[in-house]
Amino acid sequence: MPIIKHITTNIAFILITVTLCYGGIFVPLAGEVWESRGMYTGEKYFRNEWMRGDVMLENGMVAENVRLRYNGLIDELFWLHEGSMQHIRLDRGLVSGFRMYVPEEDERLEFTKVERGRLSMLGTSDIFVQVLYDDIVILYAYRQVSRKRDVYVRRGRSRYKLTEVEPDPVYFLVLPGDIVIRPDTLNRRDVYRAFPGIRNELRSIFRQRRNVSGYEQQLKETVRRINRALEEHQQ
Amino acid sequence: MLKTRIINCLLMPLLIPLIFATNSVFSFAGGANLPPASVTTDRDIYIAGERLYFSMYLPEYDTPGEDGRLACIVLRCRSNKTITSGIARLDMGRAWGSLYLEDTISTGIYQIACYGAMTGGAGGRNTAGRQVIVVNRFDAELQELELASGQGTAGRQVLTVNRSDSELQGTGLTTGHETSGPDQENGGYVLPGESVVSISTNRNEYGTREMVIAGIEPAAGEEYPLWASITVARAETITNSGYSKQYGRHQINPDPGSTVAANEGNSRRSGLEIRGKVTCIHEGKPLEGIDMFLTSAGNIIDLHHSITDTGGKFSFTLNNYHDLEEVYISPRTSPLSAGIKIETDDRFAVADGFIPERVNMDQALISAIRKSQDITSVNKLFGISFHYEPSEPPLWDHRRPMLYSAPANTVIPANFLPLDDLTEISRELVPQWQIRERDGVLFSRLVNSRTRQYFEDPPAVFLNGVHVVNLIDIRHLRSGDIEKIEVHNYPWRYGEIEFSGIVSITGTGNEYRDMVTNGTYSVSEIPALIPRSTIDPPVYDGSGNNDDPDFRHTLYWEPVIASGSIDEYRAFSFYTGDLTGPFIIRVKGVTSSGTRFTEQKIFIVR
């Protein structure tokens with residue numbers, strides 16, 4: 001067994017070496033050297049660990065295989081500069097999207113930058129949203145983290161204020177014609193009428209609470225079915 | 001722990017070779033069986049004032065899905081002097097285009113050489129060259145060629161021009177594939193009896209302005225063309241040689257393990273490589289660990305960074321944005337600038353000398369050349385050209401690199417009272433930027449936008465995108481000279497470079513020009529990108545007005561037959577012109593096993 005383990009480790013090393021050899025172009029990322037401010041309880045990052053990923057820049061270049069973390073509290077993408085271990089808040093004006101890899105789940109998390117106006121949100125800026133499903137009907141998840149309350153804790157003689165934060169995802173369905181609906185606020189009857197073939201599935205979705213486990217998966221499945229129904233309808 | 005080490009010691013020697021084996025599977029670059037680099041031209045004899053159409057194949061860049069890599073093309077004379085040069089965009093290792101042969105080029109034997117412009121992969125190791133004869137249009141003596149006829153390579157085959165006798169039997173030409181040649185020892189040829197493709201025509205004789213229907217078909221065999229070009233040209237302009245040769249390594253030779261070598265993996269998909277050396281101006285020894293910047297003039301800051309290695313060498317790989325004529329290389333900090341010398345390598349220097357083949361200056365060649373001179377003179381006189389240059393979107397149009405997306409603060413001096421110099425402007429208009437003079441040297445620093453404290457180090461300053469090494473060089477700038485000042489006073493990182501803020505000045509004129517010529521900077525010229533031009537032959541199908549004379553030396557030129565498109569019979573057609581005599585259809589290429597081949601067929605225009 002130890003030999004197998006070592007072979008696996010060494011093969012992983014080889015694959016990493018090969019990947020780096022052919023990993024492609026060096027694309028410089030730009031951003032502010034960040035010093036974290038404030039103390040928090042709860043997770044302000046979408047995934048707390050630094051994950052390998054790629055950053056798609058507005059100029060069409062892609063910075064590959066860098067370590068990334070998305071801060072949902074301030075909606076900013078962070079890059080870990082491995083040479084200095086500095087946390088760099090990437091210049092969001094230069095970033096068009098990013099993807100992060102979850103090797104243990106064999107999953108690729110795809111994010112894109114969308115203008116708030118396009119999602120019928122207030123403000124003129126943009127937000128990073130995770131693309132959960134991309135077809136005729138698109139499903140986005142805005143991985144925002146919200147402040148819940150301030151908590152005061154005593155450590156030794158000192159008293160600290162911690163801000164309690166928790167994930168507060170918002171989902172957006174983008175229909176053809178750039179019509180955006182939020183599953184939690186939409187008029188259900190309109191949706192039933194729009195997609196009569198999958199009425200029962202939609203009803204079960206709407207009955208569930210937003211943060212119930214499996215809600216997101218069921219939402220994705222519903223969007224998949226909506227897309228299939230639309231494709232069949234188009235044919 | 002000991003057990004772990006032992007297992008690792010046993011396994012790693014087995015697995016490390018696997019890495020290299022994997023490399024060679026993924027790319028030609030690492031493989032020992034790399035096909036030869038090849039270059040071919042539409043003809044072998046040219047008259048100055050014409051265009052030379054070329055096609056090249058650099059197998060180390062023949063990677064599926066890859067394009068945008070660059071190759072260098074050089075036309076050099078026998079004294080190794082570059083006559084004309086440029087860079088061409090590779091598409092899966094293939095590139096084509098044309099070089100204009102200036103009227104002033106003197107008669108002689110020249111070589112067109114090509115190699116990868118990047119260091120990635122095996123770039124530079126695989127250099128191809130091809131000999132061509134260029135004759136000055138006004139040279140009646142042709143002494144240079146006569147001289148060359150007696151000075152060629154000893155023991156090599158003498159080049160002979162294909163004769164222009166009216167009878168095919170008198171031409172000395174053969175229809176079929178090449179079975180021998182001067183470069184046979186370079187491993188270039190398919191053996192006798194092993195045709196790779198066969199060429200056919202609907203007839204053997206044609207009238208002027210008549211359609212020729214031709215076709216090529218791969219021969220039944222294991223080998224198929226990997227890359228090939230088709231040319232149809234006057235037999236008199238095609239010699240019996242001119243095979244593409246493979247040369248040794250390009251002159252620029254990085255030391256293994258140096259910074260230059262370490263950057264190689266990253267430059268595989270990038271653009272042009274600019275290399276050079278930094279030495280001490282007094283002692284001449286190479287300087288290690290110097291931070292070097294490369295910038296260019298423009299509306300944005302396109303910054304490249306390199307650190308000199310133990311040999312004082314630096315290397316910049318231009319990104320895909322560059323569409324400029326020159327770039328500026330400078331040290332990052334000013335105290336260094338006084339004592340260093342920056343030299344850049346000549347990317348068009350080919351290390352191997354060019355030894356031309358001997359030319360057999362017989363009467364047939366002389367009369368053929370004189371006829372070509374006359375034809376070219378007529379073409380020039382009437383302005384007849386069938387050159388076709390497709391309008392391509394700029395290669396690097398959207399690849400706009402940016403140091404930052406939006407500055408923290410922008411100041412437009414025109415909105416304020418005019419001020420006399422930059423020190424005054426910073427003091428009065430840019431409160432975040434402090435400039436102080438000490439012992440004749442200007443120092444500057446910015447206020448950190450986050451902490452409201454001064455940064456310890458000076459900011460990076462740019463003027464029209466060009467890095468300012470010594471602030472004193474731009475101190476004289478008045479309000480009227482400055483369009484705007486962008487201040488980005490954040491602790492900023494751009495790739496591997498960290499800044500204590502950035503100041504970017506946009507001047508109203510070209511003030512940066514005086515700055516870059518003061519000795520601190522090395523100015524490097526960026527060669528022009530050669531368009532993918534071809535010949536657009538006329539069509540004589542009765543439609544349109546075709547009264548102009550048609551004295552084409554080359555009737556048809558197809559620079560690249562893409563791989564896979566000649567798996568079966570492939571027809572092509574063209575029209576003959578007003579010139580009569582024998583013409584040659586020539587297919588040159590490289591086979592799937594890496595051997596070069598040439599097939600040709602003759603027809604007569606009466």
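Start by selecting strand β3 of chain B, residues 51-57. Six of its seven residues are buried, so the strand is largely enclosed by the rest of the structure. Keep in mind that this is a predicted model.

**Around β3(B)**

Add strand β1 of chain B, residues 38-41. β1(B) and β3(B) run antiparallel and are joined by four bridges. To find the register, pick Thr41(B): it stands opposite Phe54(B) in β3(B).

Now show strand β6 of chain B, residues 94-100. This strand also pairs with β3(B) in the antiparallel sense, over seven bridges. Here, pick Arg51(B) and look across to Tyr100(B) in β6(B).

**The nonpolar core**

Select Cys114(B) next. Which residues does Cys114(B) touch, leaving aside those up to four places away in sequence? They are Val39(B), Met56(B), Ala71(B), Cys72(B), Ile73(B) and Ala128(B). Met56(B) lies within the 51-57 stretch of β3(B), and Val39(B) within the 38-41 stretch of β1(B).

Cys114(B) belongs to the largest nonpolar core, which has 169 residues. The residues with the most contacts inside this core are Val55(A), Tyr140(A), Ala71(B), Ile73(B) and Cys114(B). Colour these five and note that they come from chains A and B.

**A three-strand sheet in chain B**

Move on to β10, β12 and β32 of chain B. They form an open sheet in the order β10-β12-β32, with antiparallel pairing. β10 (197-201) and β32 (570-575) stand at the edges, each with a single partner strand, so one side of each is left without a neighbour in the sheet. Neighbouring strands of this sheet are turned by 25° against each other on average, direction ignored.

Zoom in on the pairing of β10(B) with β12(B), residues 211-218. Five bridges link these two strands. One residue to pick is Ser200(B), whose bridge partner in β12(B) is Gly215(B).

**Helix α6 of chain B**

Select residues 422-429, helix α6 of chain B. Leu422(B), Ile425(B) and Ser426(B) are buried here. Look down the axis of α6(B): the buried residues fall within an arc of 95°, so they line one face of the helix. The general rule helps: an α-helix has 3.6 residues a turn, so residues three or four places apart point the same way. What do the buried residues of α6(B) pack against? Show β23 (433-438) and β27 (482-494) of chain B to see their partners.

**Over to chain A**

Chain A has 235 residues, and buried ones make up 25% of them. Its secondary structure comes to four helices and 14 strands. Of the contacts in chain A with a separation of 6 or more, 52% are between residues 24 or more positions apart.

Pick Phe111(A), in strand β8 of chain A, residues 107-115. Is Phe111(A) buried or exposed? Phe111(A) is buried, because 26 other C-beta atoms lie within 10 Å and the cut-off for buried is 20 or more. Beyond residues up to four places away in sequence, its contacts include Tyr70(A), Phe98(A), Phe128(A) and Val131(A). Then select Val55(A): it is 56 residues from Phe111(A) in sequence and 9.5 Å away in space, C-alpha to C-alpha.

**Two domains**

Finish by colouring chain A by domain: domain 1 is 28-180 and domain 2 is 183-235. Their centres, taken over C-alpha atoms, are 26 Å apart. Eight residues from domain 1 and nine from domain 2 make the contact. On the domain 1 side, β9 (126-133) and β13 (170-175) of chain A each supply at least two residues.

Conventions. Residues are numbered from 1 along each chain as its sequence is written. Chains are lettered from A and ligands numbered from 1 in the order in which they are written. This is a predicted model: local features need pLDDT of at least 70, side-chain atom pairs count only at pLDDT 80 or more; totals for chains, interfaces and linings use all residues. A residue is buried if 20 or more other C-beta atoms lie within 10 Å of its own, exposed if 12 or fewer, and partly exposed in between; C-beta atoms are placed from the backbone. The arc is that of the directions from the helix axis to the C-beta atoms. Two residues are in contact if their C-beta atoms, placed from the backbone, lie within 7 Å. A nonpolar core is a set of buried Ala, Val, Leu, Ile, Met, Phe, Trp, Tyr and Cys residues joined through C-beta atoms within 7 Å. Two strands pair if DSSP finds at least two bridges between them. Axes are lines fitted to C-alpha atoms, for helices over the stretch in contact, and angles run from 0 to 180 degrees between N-to-C directions. Domain bounds come from an automatic or database domain assignment.
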